[in-house]
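I opened this model to take notes for a reader who has not seen it before. The entries follow the order in which I looked things up.

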Amino acid sequence: MEEYKELDDPVEEVYRIRENILKGFNYDIKAYNAHLREERPKWEAMGFKFVSEAEAAAMRNR
């Protein structure tokens, strides 16, 4: 798991963490997405909810 560092710019922190994650997959976004699909059941079992883009847009428009 990526170590969190307190930064003045949280957006920069997100990009730093994502960069390090993608390094682990040799910057292959398809491999990373496959990994996320494999991990999804584990996250759902922990209570995380995944929504489609349309569902997210509907939530924003409420």
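The entries below go from the whole chain to its helices, the loop and the aromatic rings.

**Entry 1, confidence.** I noted first that this is a predicted model. I looked up the confidence and found a mean pLDDT of 88 for the chain, with 89% of the residues scoring at least 70. I then compared the elements: helix 1 has the lowest mean pLDDT, 89, and helix 2 has the highest, 93. I keep in mind that predicted coordinates should not be read in detail where pLDDT is low.

**Entry 2, the fold in outline.** I counted three helices and zero strands. Along the sequence I wrote the pattern down as α-α-α.

**Entry 3, the surface.** How much of the chain counts as buried? I found 3% of its 62 residues in that class. The chain exposes about 5,800 Å², and I noted that carbon and sulfur atoms supply 54% of that area.

**Entry 4, helix 1.** I placed helix 1 at residues 10-23. It has 14 residues and spans 20 Å from first C-alpha to last, close to the expected 20 Å. At its start I looked for a side chain reaching to the backbone, and found a side-chain oxygen of Asp9 within 3.1 Å of the backbone nitrogen of Val11.

**Entry 5, the loop between helix 1 and helix 2.** I checked phi angles here. Asn26 lies in this loop, and its phi is near 50 degrees, a positive value in a residue other than glycine. Tyr27 is in the loop between helix 1 and helix 2 as well; its phi is also positive, about 60 degrees, although Tyr27 is not a glycine.

Is Asn26 buried or exposed? I put Asn26 down as exposed because its relative accessible area is 68%, and the class begins over 50%. Tyr27 has 48% relative accessibility, so I entered it as partly exposed.

**Entry 6, helix 2.** I placed helix 2 at residues 29-45, which makes 17 residues. From first C-alpha to last it reaches 25 Å, close to the 24 Å expected. At its start a side-chain oxygen of Asp28 comes to within 3.1 Å of the backbone nitrogen of Lys30.

Where does helix 2 bend? I found the bend at Glu39, about 40 degrees, and noted that a proline, Pro41, follows within four residues. Just after helix 2, I recorded a positive phi of about 105 degrees at Gly47.

**Entry 7, aromatic rings.** I looked for paired rings, with centres within 6.5 Å as the cut-off, and the count came to two aromatic pairs. One of them joins Trp43 and Phe48, with 5.0 Å centre to centre and 80 degrees between the planes. I called this pair edge-to-face, because planes over 60 degrees apart count as such.

I then asked how much of each partner is accessible. Trp43 has 30% relative accessibility, so I listed it as partly exposed. Phe48 is at 47% and therefore counts as partly exposed too.

Methods. Residues numbered from 1 in each chain as written. Heavy atoms only, no water. Helix = DSSP H or I, 4+ residues; strand = E, 2+ residues; numbered from the N terminus. Expected span 1.5 Å × (residues − 1). Bend = angle between axes of the 7 residues up to and from the residue. Polar contact = N/O pair within 3.5 Å; in protein donor to acceptor, adjacent residues only side chain to side chain. Phe/Tyr/Trp six-rings, centres within 6.5 Å; stacked < 30°, edge-to-face > 60°. Buried < 20%, exposed > 50% of the residue type's maximum accessible area, 1.4 Å probe, protein only. Areas by Shrake-Rupley, 256 points an atom, 1.4 Å probe, with all protein chains shown as cover. pLDDT = per-residue confidence, 0-100.
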